[in-house]
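Me: I am new to this structure and would like to understand the words used for it. Could you look at it with me and explain how each label is earned?

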Amino acid sequence: MSAQLHPVARTADALVDVRNVVKTYKRDTQELTVLNGISLQVPEGEFVALMGPSGSGKTTLLNLVAGIDRPTSGQVIVAGTDVAKLSESELARWRSRSVGFIFQFYNLIPVLSAVENVELPLLLTSLGKRERRDRALTALKVVGLADRSSHYPRQLSGGQEQRVAIARAIVADPKVLVADEPTGDLDSRSAEEILALMETLNREFKKTIVMVTHDPRAADRAHTQHHLEKGVLAG
Amino acid sequence: MKFLPFIFKHLKRNWIRTGSTVLAMSLCIFLFCTLQTVLHEINGLLEGTSANRLITRHGVSLVFNLPLSYAGRIASVPGVKGVATTAWFGGSLPAEKEGAAEKDTKADEGAEATTDWSKFIPSMAVDSEKFFPLYPEYQINPEEFRQYMSDLQGAMIGRKLADKYKWKIGDRFFLESFIPPYRKSSGPFEFIVRGIIDTDPVKHPKTDTNLMYFHYKYLYEGTGQRIGAGTYTIGIDDPEQAGTISKAVDALFENSDAQTHTETEQAFAAGFISMAGNLALLLNTIGLAVSFTILLVTANTMSMAVRERRTEIAVLKTLGFGSAQVMGLIVAEALLLGALGGALGILGSRGLILFLTKAPVIKDVLAGMGLSSLALPPPVAAMGFAVALLLGLAAGFVPAYNAYRSKITDMLRTV
Ligand SMILES: Nc1ncnc2c1ncn2[C@@H]1O[C@H](COP(=O)(O)OP(=O)(O)OP(=O)(O)O)[C@@H](O)[C@H]1O
Ligand SMILES: [Mg+2]
């Protein structure tokens, strides 16, 4: 419990600053405390791995950082923005600019080709058609799939799908990438490729990455590891 | 606009489902447009009637004649301006029109010839002297009318009918009634075109000219002076008095063998086509049921489409699409389904109506009902399209609203 006692101390250069966050879910009459006073600081340019047993609240914490959920109490400050203070639509706009989300099951849109999937977040910007397409192709090039731009998700392997998903996450050039078990559904070779890609994004493109994983080898790629245990950080 | 391809791709992806929904929708709109067109026309017929005219018929049924002596007695009722004896002849051209004149000797067989419905001609025997003054909406050349009045075989032809058979003044033709008492043993009635009836298309756009009139006297003499009056057309000064005068007329004959039933021309026309009216009601009910079914079908399609896409909606929201935007995408998809179905239905209806008004026999039956100018009116088409969009909107609203409200975290968890 010591982690939550001095939350403000190291926040100066933190890009992601989670302060004293409590998250409870109401199920019928029962209240379930999933996160019980979490504080976590991630400096800019970090690559952080979040580990912990199933049900310990990793996804919940990640969702808070990504701004797709709100804490019951406490603050989540990402790149200087207090996420909880934004309205629903402000939060949506903020997400489109500030975070890239990578899912375990890729979650590409099946009716769209690779490049159209990558282009999707840019539809929310004022960019013209050409510019959008150019940027999407660039992102695909970064993940090494420039030659698959017109393929549909069903025509790609799992590892390729995940790389398209990563291209989609970086196309709007957010500072933070969050990934929920990005290699959880991949064979070890594909997983290796994805992790290498994430390292590159971290090292060369200066993306700050928060990654949830069960896989110790994946966690080893990160600079820092945090362990969640029953809603509290354990080291 | 930049989302339109996205919406299309979804519809295309599940093209069987999309196609069947669009087809179902188009069927509904097709029914709607076709039925409304017929109703529209029937209403048009009713609008073509005058509130200044009453029709008296036999109290039991239109098929019984009334004594000719009634004309004078009706004329004595206060408020009555004029009374004309009339009889619905409902003739058709005998099967072989040309040469019928030379075949007078074989006319007996001619009279037995089966009615050819494709040559049906709405025709009415009228006491011309009294009748035409009651129809000020008819534009008749005075000289032609004089000729008509002086010729027992004369016929006044409505413009549409004249155009249809390319009849000119002086042309002769034969007509035969499908009503047995109006047939004569010596063969069909011969007529000579003496005048053309026009109407002012601006002042009286609904007045039908697909009909003809001839002298009641000709029918009376030709049938051996045995027939009575089919109906009496009564002109009145004050439409407000229509009810009172109708009652007064009927009261005159309350205690006689042939009691009468008097009503406004409009009510009479409505009664005359009440069969069609009832049919329309029935079909409308069916149409409504169909529409409701289509609504369910489309709603089901949309909620299936949306349920399948729970994750996708969550992803869109995660990427920063606003709830309203996501809702808009779904509503737009439903509207597009409606628009496609509506357009197809309207086209289908237009096609059918065009076909019916051109198809051999059918077009004449329609003309006989006074529906010769059947066409899909633009307001009806617009209404059909609006109904389609509304159905789409109604079907898409609930799933769209659910998508609007749904939370990303909940949607991602249930996968
Ligand atoms: N929306 C929700 N409503 C109710 N309970 C929830 C909700 N989201 C999470 N939970 C509960 O919170 C707890 C933590 O869930 P979470 O998904 O964060 O765990 P996790 O560490 O990501 O587990 P896993 O490794 O299996 O993915 C679980 O007991 C889960 O049932
Ligand atoms: Mg999880």
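**Spaces and a ligand**

Reply: Gladly! Let us begin with an enclosed space: in chain B, α1 (4–13), α12 (310–318) and α13 (323–358) each supply at least two residues of the lining of the largest cavity. Please keep in mind that this is a predicted model.

Me: What makes a residue part of the lining of the largest cavity, and which residues are they?

Reply: A lining residue has an atom within 4 Å of a grid point of the space. For the largest cavity, the residues that pass are B:Phe6, B:Ile7, B:His10, B:Arg309, B:Glu312, B:Ile313, B:Leu316, B:Val326, B:Leu329, B:Ile330 and B:Glu333. The biggest share comes from α13(B), with four residues. By class, this lining has seven nonpolar residues, one polar and three charged.

Me: How many cavities are counted, and what volume does the largest cavity have?

Reply: With a threshold of 30 Å³ or more, the count is five cavities. The largest cavity has a volume of about 90 Å³, and the second largest cavity one of about 70 Å³.

Me: Where does the lining of the second largest cavity come from?

Reply: Its lining includes A:Arg95, A:Phe101, A:Arg168, B:Thr318 and B:Leu319. Two or more residues each come from α2 (88–98), β6 (99–102) and α5 (158–170) of chain A. Among the elements, β6(A) gives the most, with three residues. Seven residues of this lining are nonpolar, three polar and two charged.

Me: Now the ligand. How do you know that ligand 1 sits in a pocket, and which pocket is it?

Reply: A molecule sits in a pocket if more than half of its atoms lie within 2 Å of the pocket's grid points. Ligand 1 meets this for the second largest pocket. About 840 Å³ of space lies in that pocket. Its lining has 27 residues, and A:Thr59, A:Asn63, A:Asp180, B:Leu412 and B:Arg413 lie nearest its centre. By class, eight of the lining residues are nonpolar, twelve polar and seven charged.

Me: Why is the site of ligand 1 called shared?

Reply: The site is shared between chains because the residues that surround ligand 1 come from chains A and B. To be in this shell, a residue needs a heavy atom within 4 Å of the ligand. In total 16 residues surround ligand 1, and the closest are A:Ser54, A:Gly55, A:Lys58, A:Thr59 and A:Thr60. Of the elements, α1(A) gives the most to the shell, with three residues. The shell divides into four nonpolar, seven polar and five charged residues.

Me: What makes a pair of atoms a polar contact, and which residues of chain A have one with ligand 1?

Reply: The pair must be N or O atoms within 3.5 Å. An N or O atom in the side chain of A:Arg27 is 3.1 Å from an oxygen atom of ligand 1, so this pair qualifies. Backbone N or O atoms also come into play: that of A:Ser56 lies 3.3 Å from an oxygen atom of the ligand, and that of A:Gly57 lies 3.0 Å from one. These two values are within the cut-off, so both pairs are polar contacts.

Me: How much of ligand 1 does the protein bury?

Reply: Taken alone, ligand 1 exposes 630 Å², and the protein buries 78% of that.

Note on methods
Residues numbered from 1 in each chain as written. Chains lettered and ligands numbered in written order. Predicted model: local features only at pLDDT ≥ 70, side-chain atom pairs only at ≥ 80, totals over all residues. Heavy atoms only, no water. Polar contact = N/O pair within 3.5 Å; in protein donor to acceptor, adjacent residues only side chain to side chain. Areas by Shrake-Rupley, 256 points an atom, 1.4 Å probe, with all protein chains shown as cover. 1 Å grid on protein atoms, 1.4 Å probe; cavity = no way out; pocket = protein on both sides within 12 Å on 5 of 7 lines; lining within 4 Å. Nonpolar A, V, L, I, M, F, W, Y, C, P; charged D, E, K, R; others polar. Points joined across faces, edges and corners; volume = space filled by probe spheres on them.
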